[in-house]
Amino acid sequence: MAYGRETPRQRMINILYLVLLALLALNVPDSILDAFKNINNSLETSKSNVNNSVDQLFSAFENSKLKEEPQRAKPIYEKAKNAQSIIGELDTYINQIKEEFVKQGGGYNEKTGDLTMRENEDIAPNLMINGKKGAELKEKINSTRQRLMELLTPEEQANVSFSLEAKDPERPRGGKRTWEDVNFGSGTPLTAAMTILTKIQTDAQNAESDVVKLILGQMDQAVVNLDKFAAVAVAPTSYLVQGQPYTAEVFLTASDSKSQPEITVNGSPLQIADGKGVYQVPTNQEGIFNWTGVIKVKQTDGTVKEYRTPEQTYQVARPSAVVSPDKMNVLYIGVNNPISVSAPGTPTDKIKVSMSGGSISGSGGKYNVKVSSPGTARISVSAEVAPGKNQTLSTTEFRVKRIPDPTAQFAGKTGGTMATVALKAQNALFAKLDNFDFDASFKITKFSMIIAKPRADAIVLSTSGNNLSSAMRSALNGITPGTRVIFDNIIAVGPDGTPRQLNAVALSAN
């Protein structure tokens, strides 16, 4: 497997690294320390080259696949970026340990280009073993490997191999039983520990490169396996109004944009685009119409296979719409007139309603109409029969009328006799609108009251509003049986704002 395989240069560096570790048990001359420094420099160069290679992979993907097929490429791109982020977390953590090595090792020596205390064998064990940083690093290496593997499919996991892993030795090495003891235990010079950290970073960078290549390579895999074929016809609707074009798609399932089948409907060929044929005919006549599509596909051996769609049916009807008042077959001035609007075969969101002689508001088939003057009003209904094309379905004329006059009432009566005591107990006149389905109220703005006692001159009083004035109440309190109480010149105003002259109310006290 190509992924994860080390280059000859990397294998040589790893062998030298193992040899140098063995020599450390015997002696740490400057030549050995210099060798570690050289290996570290080579590893840094290799890490930088791999990092640049990964950046070039992302750049090429961004400038091609991500622009050409953004919907499909974006999830793959984000998955690869996730792999880069996972490695970045490990790299940042290792750099923090390196910074601590530099700090405790007295910085860098200008002459050697290496750490000033590079031969020190206490700093690395103290930090990595006693300070538990080695065990923590081992855990982060293994968790990073696991997170990378989880980004791959089971098939990819079975075929990928990379050296980013921290495992305890199967047998003790010089008494050292753990991964952290082998790499950072007693006797490890500081420069060797620094080289080991750089090697881990290089292994991580190689793992990132392998995983990113696998993930980004998913864009080059086949999206559809064309092993089954079936003829399909799809029409947005089978119910149309006259003048509205009938449109249907006739295409081969599992086809791709490169396929060029021969498609005919009732013997007439269709134009092919992206493996699909579009069937469109005018609808100038009413009636029910049928059609069948035939798809011919050329096979690899030169033969042609034929596929037929199920018979398709569509109906063409005259333009029609229904406008019905929700309460009465008339529009009244001054109130909201609710109406329902529908057009058979047309979704409510495609219907548009307008009017002359008033204003209309609402949606979803339910509207409120307001009118302001008697006469007639017209409500027009149109529908979107094609993208950007509207067609008028109907225009309905309505009568516009004033709300009927209410009836003036005193103590709930419009005339007749009433007990003297009951008359004296009232203090207001009201306008009632009975048997009217709309919520319309009237207010009395002024009226006159006439009191005619037997064998006495009549008393005439007037006031504004619907309440009795104090003079009216005083005069009313003086009535006796046989007195006539008459309310006249009654003016009321309703929702339309126009004054109405109401009926007189004549009552006799008994």
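## A tour starting at T420

Start by selecting T420: with a relative accessibility of 10%, this residue counts as buried, because the cut-off is under 20%. T420 sits in helix α10, which covers residues 420-425. Now show what surrounds T420. Setting aside neighbours within four places in sequence, its contacts are I479, T480, P481, A509 and N510.

Before moving on, keep in mind that this is a predicted model. Colour the chain by pLDDT and you'll get an average of 85, with 86% of the residues scoring at least 70. Where is confidence lowest, and where is it highest? Helix α1 (residues 8-24) is at the bottom with a mean of 61, while strand β25 (residues 484-493) tops the chain at 96.

Zoom out to the whole chain. Cartoon view should give you 11 helices and 27 strands. Of the 510 residues, 40% count as buried. Switch on a surface and you're looking at about 27500 Å² exposed, 48% of it supplied by carbon and sulfur atoms. As for contacts with a separation of 6 or more, 63% of them link residues 24 or more positions apart.

Next stop, the largest nonpolar core. It has 47 residues, and F101, L137, L148 and L164 are those with the most contacts inside it. To see where it comes from, select α2 (30-63), α4 (70-104), α5 (123-130), α6 (133-150), α8 (179-184) and α9 (190-216): each of these gives the core two or more residues. Which element gives the largest share? That would be α9, with 13 residues.

Stay here and pick L164. Not counting residues up to four places away in sequence, L164 touches I87, L90, I141, T144, R145, L148, I200, D203, A204 and A207. Another core, of 32 residues, lies apart from the one you've been viewing; for a quick selection, try A431, L433, I451 and L468, which are among its members.

Last, the strands. Find the open sheet made of 4 strands, ordered β5-β4-β9-β10, with antiparallel pairing. Strands of a sheet pair through backbone hydrogen bonds, so turn those on in your viewer. The edges are β5 (268-269) and β10 (304-308), each pairing on one side only. Focus on the β5 end: β4 (residues 262-265) pairs with β5 over 2 bridges, in the antiparallel sense. To finish, select V265 and look across to β5, where its bridge partner is S268.

How values were computed:
Residues are numbered from 1 along each chain as its sequence is written. This is a predicted model: local features need pLDDT of at least 70, side-chain atom pairs count only at pLDDT 80 or more; totals for chains, interfaces and linings use all residues. Side-chain values use heavy atoms; hydrogens and water are left out. Buried means under 20% relative accessible area, exposed over 50%, partly exposed in between (1.4 Å probe, protein chains only). Contact means heavy atoms within 4.5 Å. Accessible areas come from the Shrake-Rupley method with a 1.4 Å probe; for residues, only the protein chains shown count as cover. A nonpolar core is a set of buried Ala, Val, Leu, Ile, Met, Phe, Trp, Tyr and Cys residues joined through side-chain atoms within 4.5 Å. Two strands pair if DSSP finds at least two bridges between them. pLDDT is the predictor's confidence in each residue, from 0 to 100.
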